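Please load the model in your viewer and keep the selection panel at hand. The tour below moves from one selection to the next and says what is there at each stop.

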Amino acid sequence: MDYIASDINLASCEILMTSALSRETILKRILSENVTDGYDFVIIDCLPSLGTMLINALTTADKVLIPVQTQEFSMDGLQALESLIQQIKTTINPKLELLGILPTMVDRTKISRACIEVLNEKYGQIMFRTSISRAIQAANSAKNKTPLCLSAGKLSTEYENLTQEVIERC
């Protein structure tokens with residue numbers, strides 16, 4: 001496994017890409033087959049933004065996993081993202097598929113339960129069976145710079161279950 005972390009320099013990337021030729025395909029050119037050939041999976045994590053970086057990721061990807069925080073306003077951007085995915089699939093990347101919708105930051109509130117219910121009604125079969133809980137364990141893992149998968153606990157188990165589910169779907 002190889003991991004390439006982002007840093008503060010990535011923040012200026014959106015601005016630099018606005019004047020680049022064929023800016024939607026920059027990442028696809030960087031991650032060419034001869035670069036990714038030795039990997040079973042290449043995971044591109046994106047900020048929740050509909051900018052050039054996301055368009056590059058969608059142009060490069062075969063599949064999209066959409067994490068959705070189970071909070072009131074998180075669902076608002078989902079429709080815009082679906083529209084963008086469809087545009088990219090139609091115009092630039094016909095092999096792009098929606099792998100599934102992943103409920104995240106799930107807790108015991110009414111809002112969280114209501115969001116999951118709405119997601120299930122709308123997405124049914126493409127909803128992941130696994131959901132990711134809101135837990136301090138994630139923040140502690142980041143703070144201590146220790147992999148979440150190496151710690152014991154509910155959140156670690158949820159991510160293991162998600163991994164198995166993703167492998168099954170792929």
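A residue is called buried when its relative accessible area is under 20%, exposed when it is over 50%, and partly exposed in between, with a 1.4 Å probe and protein chains only. This is a predicted model, in which local features need pLDDT of at least 70 and side-chain atom pairs count only at pLDDT 80 or more, while totals for chains, interfaces and linings use all residues. Residues are numbered from 1 along each chain as its sequence is written, and side-chain values use heavy atoms, with hydrogens and water left out. Helices (H or I, at least four residues) and strands (E, at least two) are DSSP runs, numbered from the N terminus.

**Stop 1: D62 and K95**

Select D62, which at 41% relative accessibility counts as partly exposed, and then add K95, which is partly exposed at 44%. The two side chains form a salt bridge whose closest N and O atoms are 3.3 Å apart, where the term stands for a side-chain nitrogen of Lys or Arg within 4 Å of a carboxyl oxygen of Asp or Glu. Because D62 lies in the loop between α4 (52–60) and β1 (63–69), and K95 in the loop between α5 (76–91) and β2 (97–104), the pair ties together parts that are 33 residues apart in sequence. The structure holds seven salt bridges.

**Stop 2: the network around R129**

Which residues are linked with R129 in a network of salt bridges? Select R129 together with E165, E168 and R169, since these are the members of that network.

Begin with R129 and E165, whose side chains meet in a salt bridge at 3.8 Å, N to O. The pair links distant parts of the chain, with R129 in the loop between α6 (110–123) and α7 (136–144) and E165 in helix α8 (residues 154–169), 36 residues apart. The two partners contrast in their surroundings, for R129 is exposed with a relative accessible area of 66%, whereas E165 is buried with a relative accessible area of 1%.

Turn next to E168, which forms a salt bridge with R129, the closest N and O atoms being 3.2 Å apart. As E168 lies in helix α8 and R129 in the loop between α6 and α7, this pair ties together parts that are 39 residues apart in sequence. Here both E168 and R129 are exposed.

Before leaving this stop, add F128 to the selection: R169 lies over the face of its ring, at 4.0 Å from the ring centre. Such a charge is assigned if NZ of Lys or CZ of Arg is within 6 Å of the ring centre and within 35 degrees of the ring normal.

**Stop 3: the largest nonpolar core**

Select L58, I66, I101 and L119, which, of the 19 residues in the largest nonpolar core, touch the most other members. A core of this kind is a set of buried Ala, Val, Leu, Ile, Met, Phe, Trp, Tyr and Cys residues joined through side-chain atoms within 4.5 Å. To see where the members come from, colour α4, β1, α5 and α6, each of which supplies at least two residues of this core. It is α5 that gives the most, with five residues.

**Stop 4: a nonpolar patch at the surface**

Select Y39, V42 and I44, which make a nonpolar surface patch of about 240 Å². Patches are made of residues with over 30% relative accessible area and no salt bridge, with like charges joined within 9 Å and nonpolar side chains (Val, Leu, Ile, Met, Phe, Trp, Tyr) within 5 Å; accessible areas come from the Shrake-Rupley method with a 1.4 Å probe, and for residues only the protein chains shown count as cover. Y39 is found in the loop between α3 (33–36) and α4 and is partly exposed, with a relative accessible area of 38%.

**Stop 5: two backbone positions**

Select S22, where phi is near 50 degrees, a positive value in a residue other than glycine. S22 sits in the loop between α1 (13–17) and α2 (26–30) and is partly exposed, with a relative accessible area of 44%. Then move to M105, a residue other than glycine with a positive phi near 55 degrees. M105 is found in the loop between β2 and α6, and its relative accessible area of 28% makes it partly exposed.

**Stop 6: a distance to draw**

Finally, select V68 in strand β1, which counts as buried at 3% relative accessibility. Draw a line from its C-alpha atom to that of K154, 86 residues apart along the chain, and the separation is 19 Å.
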